[in-house]
Amino acid sequence: MSKEDLDYSLYFDASKNSWVAAVSLGFDGAGRRVRRKVSAVLPRKWRDRPVEEQRAQAIKLLNPKVKKLREEAEKGIKTRTNYRVSDAVDDFLAHGLKGRSPGTITQARSLADNQIKPKIGNYRLKDLRAEHVDLWLDELAEKLATKTIVQVHNLLTRTIRMAEKRELVGRNVSALCETPHGQQGRSSTSLTLDQAVTLIKACEGEKFGAYVITSLLTGLRPEEARKLLWEAVDLKGKPPSISVLRADRVGGDTKTPKSRRALALPTLVVEELKRHRTRQDRQRLEAAEAWQEHGLVFTRDDGTVLDPMRVLRGLRAITKKAGLGTHWKVRELRHSFVSILSDGNVSVERIADLVGHSTPSTTQTVYRHQIRPVIVHGAETMDAVFGTDEPTG
């Protein structure tokens, strides 16, 4: 085949020991010529052959690649030669999670950094095949829980979907794959009464002691506790109470309208919050100009909102001190609250009110839009269970 028979430029790149086809794909919106290159390295046995034979073999190897380039150009696909899965993931994390909560973004970054990039991130996106994704998912299934595999597979699918919309890839191979079942995840558990008493004692002197006691004895969701404001805390009222009006979620609202509720505080929580406020006032003075005032009850050292991982580490430091191990999750303080109430013969209806749950009927129909009157049942039960004689009201 002569040079005139080709509709692309062909040359040998000695620096890379490869033959290169430079293909003209028309003009872009600014009137500039679009040129793309593909390359092929000849097998060693061809390297001692005459140049014309090498050239002919290079053409055989390059023609399919050139054809694919032209087909992609006709479909509007603009994948860069070295655009890899890791690049697509980075683009998705930067542009595909707008408006999501900090917790969601942190989780997505963790999944990407630990499960996608190290395993399949080096594949060129255009070369990624469904069998590659299947093998990767099967490998994950040998050690991860099913819920985690679903999350990470969904992240890859959404990543490639965004690349597909931007005409960087022809099809979403991840969407063609089934998510396998993984390992059995650890079921949520709750503290026994004895364990709860031990945990409360271990909170003394601990940075996150007030957070743990408040969450355990009121049943606040973790995202509600992180955004609890001092202005929503009434320690002098009759009864003392907190108003749950916000949560660390997109938009700052609570999970459901019924989650907006006012709760009477057990005496243990009242006393702990008083001590906590004193410590926070001292911390504010020590931080000086570094302090950022947001009116939050539970904060980082500079007054800003806590992130979930910081709270988890704080909880596990206390459970370790209490001899309860380091496997506990923050949401299990809420589960423990429900369990203790149930053991105290509190009705399911009252428990639902306290934790801000909707009954099946109200979930399907009407949500409550106004804060309920202060609910005292939880505080009364906690005072009774934990041996506090002082009345709530």
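**Exercise 1. Determine how β4 and β5 pair, and place them in their sheet.**

*Solution.* Step 1: β4 and β5 (residues 241-244) pair in the antiparallel sense over two bridges; pairing requires at least two bridges found by DSSP. Strands are DSSP runs of E with at least two residues, and helices are runs of H or I with at least four, numbered from the N terminus. Step 2: in β5, S241 is the bridge partner of D234. Step 3: the open sheet has three strands in the order β4-β5-β6, with antiparallel pairing. Its edge strands, each pairing on one side only, are β4 (233-234) and β6 (261-264).

This is a predicted model, in which local features need pLDDT of at least 70 and side-chain atom pairs count only at pLDDT 80 or more, whereas totals for chains, interfaces and linings use all residues. Residues are numbered from 1 along each chain as its sequence is written, and side-chain values use heavy atoms, with hydrogens and water left out.

**Exercise 2. Decide whether Q280 is buried or exposed, and list which residues Q280 touches.**

*Solution.* Step 1: Q280 is found in helix α9 (residues 267-287). Step 2: Q280 counts as buried because its relative accessibility is 3%; buried means under 20% relative accessible area, exposed over 50%, and partly exposed in between, with a 1.4 Å probe and protein chains only. Step 3: leaving out residues up to four places away in sequence, Q280 touches W230, W291, L296, V297 and T299, where contact means heavy atoms within 4.5 Å.
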